[in-house]
Amino acid sequence: MATGTPKTQRALIQEVYAQPPVVKKIDIPTATPGSAVVRIIASGIISYMKDVYDGTRQYPYPTPMIPGTSAIGRIAALGADATTLNIGDLVFVDCVIRGRDDPGSIFILGLHEGHTDGSRRLMHGEWRHGTFAEYAKIPIENCDRLDEKVLLGSIADGGLNYLPRQLTEIGHMLVPYGGLRDINLQPGQTVIVAPATGGFGGAAVQVALAMGARVIAMGRDASKLKEVSNKMAPLSHRGMLETLPISGIVESDVKALQKFQPIDAFFDISPGAAINSSHFKAAILSLRHEGRVSLMGGYKDDIPIPHSKIMHANIRLQGTWMCTRDDIKQLIKLIERGVLRLDNSQTKEFTLESWEEAFAFAKTSNIPAVFIP
Ligand SMILES: NC(=O)c1ccc[n+]([C@@H]2O[C@H](COP(=O)([O-])OP(=O)(O)OC[C@H]3O[C@@H](n4cnc5c(N)ncnc54)[C@H](OP(=O)(O)O)[C@@H]3O)[C@@H](O)[C@H]2O)c1
């Protein structure tokens, strides 16, 4: 443990599923082989966390549990088998935990126990707790060292001058990056992102632009679409971002998409509530021959697909849950090289004690919310 580390910490704990969490004083975990203890600097709050932790979304996870997913922190203690990480390193904490003896056993730290017996075993056991705490025990392979000289250094010193809390946006951006890489989005191609006005939807717009694509951002709320394009304006993507309202009528959406042909790809990041939205069918019908579809939306029920178009136009449908470890390494490089910029990322900070206000803010604002424990 780093010198001067206390023995106890504050953590937000949910004792009973769907019941309000409380801030408690608990022991700081011990680093065991294969793990690191990370002092959390900032932990991102997902827009729909309120609905997850109050039971509305019915995400399966065990309690008691410390909620919280991806975060930025510093290594405070390390298992004896660490080879490259060092105490004090600035790291991105990746919330996608995989079984070491079965990489298909995946769960999301502090959020969702996954879909296999193995993933449930991991989350109910060794990796029970997330990052809404001063310290968190994390699998060592989920700690990605960040080049702090580059990321936090001043412009005068050749750095990017980011604040650590701005780096929590990595967690948002990784999700669409995983899906967009899976459909092999290339510079110069055109991709529809829909809906583009949510937390992960907005991140998808920024990531696709940084990958060199032209983006058609679709959403049902014109004022929120305007906010998306205002947010991208400082990054000067010179005419590569178009916005288009979701009309609610498939034929109208298809007609409106005509002027952007040829369209190479469609990235769907709908919540379950958008199951009847016109954009889904319209976007697939608007794809060119051999177009690709990334299915990252959270539909709970089955959704109809335009089968004839998919078959006759050789359309590829690709599902993706979260992202791979290689995606993380690549995305961090894009940020460290200044290709994917975070200088348009404001954040709103909250203490653990103000969790209720924080979850409410995240649900209604397009400014990313973070806990600073
Ligand atoms: N595959 C994965 O790995 C993965 C990872 C993260 C999230 N997800 C899924 O992605 C979903 C979206 O994430 P997010 O962060 O963008 O969510 P969010 O911040 O809650 O935003 C929801 C988005 O959906 C739009 N929307 C809501 N109801 C709609 C409707 N009836 N018709 C059309 N659009 C509608 C909203 O538009 P308005 O602005 O008009 O309200 C907004 O753009 C999540 O619910 C989750 O299930 C998947």
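Helices here are DSSP runs of at least four residues, numbered from the N terminus. Keep in mind that the model is predicted.

**Exercise 1. Place I332, then work out which residues it touches and whether it is buried or exposed.**

Step 1: I332 sits in helix α10.

Step 2: Check the accessibility. The cut-off for buried is under 20% relative accessible area, and I332 comes in at 6%, so it counts as buried.

Step 3: Look for partners. Leaving out residues up to four places away in sequence, I332 touches D144 and L146.

Step 4: Try a residue elsewhere in the chain. A196 is 136 residues from I332 in sequence, and their C-alpha atoms are 23 Å apart in space.

**Exercise 2. Describe how α4 and α10 pack, and say which residues make the contact.**

Step 1: Start with the geometry. Two packed helices are described by the angle between their axes and the distance between the axes. For helix α4 (residues 169-182) and α10, the angle is about 115° and the axes are 10 Å apart.

Step 2: Add the handedness: α4 and α10 cross in a right-handed way.

Step 3: List the contact residues. From α4 come I170, M173, L174, Y177, G178 and R181, while α10 supplies D326, D327, I328, Q330, L331, L334 and I335.

Step 4: Sort them by class. The contact of α4 with α10 has eight nonpolar, two polar and three charged residues.

**Exercise 3. Find the salt bridge partner of R325 and say what the pair ties together.**

Step 1: Side chains of opposite charge can pair when their charged atoms come close. The partner of R325 is D94, with the closest N and O atoms 2.7 Å apart. That falls inside the 4 Å cut-off for a salt bridge.

Step 2: Put both ends on the map. R325 is in helix α10 (residues 325-336) and D94 is in the loop between β5 (90-93) and β6 (96-98), so the bridge ties together parts 231 residues apart in sequence.

Step 3: Compare the surroundings. D94 is buried at 2% relative accessible area, whereas R325 is partly exposed at 23%.

Step 4: Follow the shared partners. Salt bridges join D94, D144, R325 and K329 into one network. D144 should ring a bell, since I332 touches D144 too.

**Exercise 4. Do the same for D51 and R74: which residue does each one pair with?**

Step 1: D51 forms a salt bridge with K363, the closest N and O atoms being 3.0 Å apart. D51 lies in helix α1 (residues 49-53) and K363 in helix α11 (residues 355-364), so this pair links parts that are 312 residues apart in sequence.

Step 2: On accessibility, D51 is buried at 15%, and K363 is partly exposed at 43%.

Step 3: R74 pairs with E148, and here the closest N and O atoms are 2.8 Å apart. Since R74 lies in strand β4 (residues 71-78) and E148 in helix α3 (residues 148-152), the pair ties together parts 74 residues apart in sequence.

Step 4: Both ends are partly exposed: R74 at 22% and E148 at 32%.

Step 5: For the full tally, the count comes to 18 salt bridges.

**Exercise 5. Where does T131 lie, and is T131 buried or exposed?**

Step 1: T131 lies in the loop between α2 (117-124) and β8 (135-139).

Step 2: Its relative accessible area is 0%, so T131 is buried.

Step 3: Now see what surrounds T131. Beyond four places in sequence, the residues T131 touches include I40, S43, P67, V93, L109 and I138.

Definitions and conventions
Residues are numbered from 1 along each chain as its sequence is written. This is a predicted model: local features need pLDDT of at least 70, side-chain atom pairs count only at pLDDT 80 or more; totals for chains, interfaces and linings use all residues. Side-chain values use heavy atoms; hydrogens and water are left out. A salt bridge is a side-chain nitrogen of Lys or Arg within 4 Å of a carboxyl oxygen of Asp or Glu. Helices (H or I, at least four residues) and strands (E, at least two) are DSSP runs, numbered from the N terminus. Buried means under 20% relative accessible area, exposed over 50%, partly exposed in between (1.4 Å probe, protein chains only). Contact means heavy atoms within 4.5 Å. Axes are lines fitted to C-alpha atoms, for helices over the stretch in contact, and angles run from 0 to 180 degrees between N-to-C directions. A crossing is left-handed if the near helix is turned anticlockwise from the far one by less than a right angle, and right-handed if clockwise. Ala, Val, Leu, Ile, Met, Phe, Trp, Tyr, Cys and Pro count as nonpolar, Asp, Glu, Lys and Arg as charged, and the others, Gly among them, as polar.
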